[in-house]
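I opened a new model today and kept notes as I went. These are the entries, in the order I looked things up.

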Amino acid sequence: MAKLFETTTIKTMTLHNRFVRSATWEGTAHEDNTVSSKLIDLLVRLARGGVGLIITGYATVRADGRSVPWQLGNYSDDHLPGLTLMVEAIHKAGGIIVNQARFKGFFKPKLKDASKFGQIVNKT
Ligand SMILES: Cc1cc2nc3c(=O)[nH]c(=O)nc-3n(C[C@H](O)[C@H](O)[C@H](O)COP(=O)(O)O)c2cc1C
């Protein structure tokens with residue numbers, strides 16, 4: 001039987017154990033959706049504490065796709081330096097990180113062309 005402390009792989013990722021921090025919006029990115037040092041510090045603490053895989057809080061894929069304030073962004077080259085720093089810091093701390101990408105969502109369900117972006121719309 002698989003054990004929590006066993007190494008495992010998911011596709012190309014090798015995880016030191018099976019502890020996963022589920023995607024959790026921390027509200028610590030900057031207003032322009034770039035990574036903050038506060039966010040890096042938080043995630044590094046999780047990696048140092050032994051979490052094998054960290055999933056980021058939802059990162060918006062467009063500027064008009066934000067669903068909550070201070071969330072990460074994946075829509076501009078300006079986001080790359082911070083995201084790169086974040087990934088490097090997690091790897092150095094022994095962790096693996098996956099980015100959860102999202103467009104709008106629960107709090108903004110009335111987008112007309114929602115299905116184009118994979119959004120599930122409640123039809124009731
Ligand atoms: C403050 C907060 C932020 C969250 N942010 C996200 C998120 O960005 N993406 C996501 O898929 N789930 C998010 N969730 C859901 C969590 O990842 C998790 O599925 C939920 O808290 C249930 O966890 P549990 O089964 O361990 O109680 C969030 C939950 C909380 C409480």
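The entries below go from the overall fold to single residues.

**Entry: the model.** I am working from a predicted model. I keep that in mind for every value below.

**Entry: elements.** I listed the secondary structure of the protein chain first. I found two helices and seven strands. Reading from the N terminus, I wrote the order down as β-β-β-α-β-β-α-β-β. The chain has 124 residues, and 23% of them are buried. I then took the contacts between residues at least 6 apart in sequence; 66% of these join residues at least 24 apart.

**Entry: the sheet.** Which strands form the open sheet, and in what order? I traced three, running β3-β4-β6, with parallel pairing. The edges are β3, residues 20–21, and β6, residues 96–98. Each of these edge strands pairs on one side only. I looked closer at β4, residues 53–55, and its pairing with β6: it is parallel and spans three bridges. I noted one bridge by residue, I54 with I97 of β6. As a reminder to myself, strands of a sheet pair through backbone hydrogen bonds.

**Entry: the core.** I searched for nonpolar cores next. The largest has 14 residues. Those with the most contacts inside this core are V35, L39, L43, A47, I54, M86 and I90. Which elements give two or more residues to the core? They are α1 (37–48), β4 and α2 (80–92). Helix α1 gives the largest share, three residues. I54 thus turns up twice in my notes, once in the bridge to I97 and once in the core list. Such a core fits a general trend: in soluble globular proteins, nonpolar side chains tend to be buried together.

I picked L39 and listed its contacts, leaving out residues up to four places away in sequence. L39 touches E26, T28, A29 and M86. M86 is also on the list of core residues with the most contacts.

**Entry: the ligand.** I asked which residues surround the ligand. The shell consists of S22, A23, T24, W25, G57, Y58 and Q100. By class I counted three nonpolar and four polar residues, and no charged ones.

**Entry: positive phi.** I checked phi in residues other than glycine and noted two positive values. N33 has phi near 70°. N33 sits in the loop between β3 and α1. N33 is buried because 22 other C-beta atoms lie within 10 Å. The other case is W70, with phi near 60°. W70 is in the loop between β5 (59–60) and α2. Its C-beta count within 10 Å is 17, so W70 is partly exposed.

**Entry: H79 and P81.** Is H79 buried or exposed? H79 is buried, because 20 other C-beta atoms lie within 10 Å and the cut-off for buried is 20 or more. H79 lies in the loop between β5 and α2. Leaving out residues up to four places away in sequence, H79 touches N33, T34, G73 and N74. So N33, one of the positive-phi residues, is a contact of H79. I also checked D32: its C-alpha atom is 8.7 Å from that of H79, with the two positions 47 residues apart along the chain.

P81 belongs to helix α2. P81 is exposed because it has 11 other C-beta atoms within 10 Å, and 12 or fewer counts as exposed. The C-alpha atoms of P81 and T34 are separated by 8.7 Å, and these residues are 47 apart along the chain. T34 is also touched by H79.

Technical notes: Residues are numbered from 1 along each chain as its sequence is written. This is a predicted model: local features need pLDDT of at least 70, side-chain atom pairs count only at pLDDT 80 or more; totals for chains, interfaces and linings use all residues. A residue is near a molecule or strand if its C-beta atom, placed from the backbone, lies within 6 Å of it. Ala, Val, Leu, Ile, Met, Phe, Trp, Tyr, Cys and Pro count as nonpolar, Asp, Glu, Lys and Arg as charged, and the others, Gly among them, as polar. Helices (H or I, at least four residues) and strands (E, at least two) are DSSP runs, numbered from the N terminus. Two residues are in contact if their C-beta atoms, placed from the backbone, lie within 7 Å. Two strands pair if DSSP finds at least two bridges between them. A nonpolar core is a set of buried Ala, Val, Leu, Ile, Met, Phe, Trp, Tyr and Cys residues joined through C-beta atoms within 7 Å.
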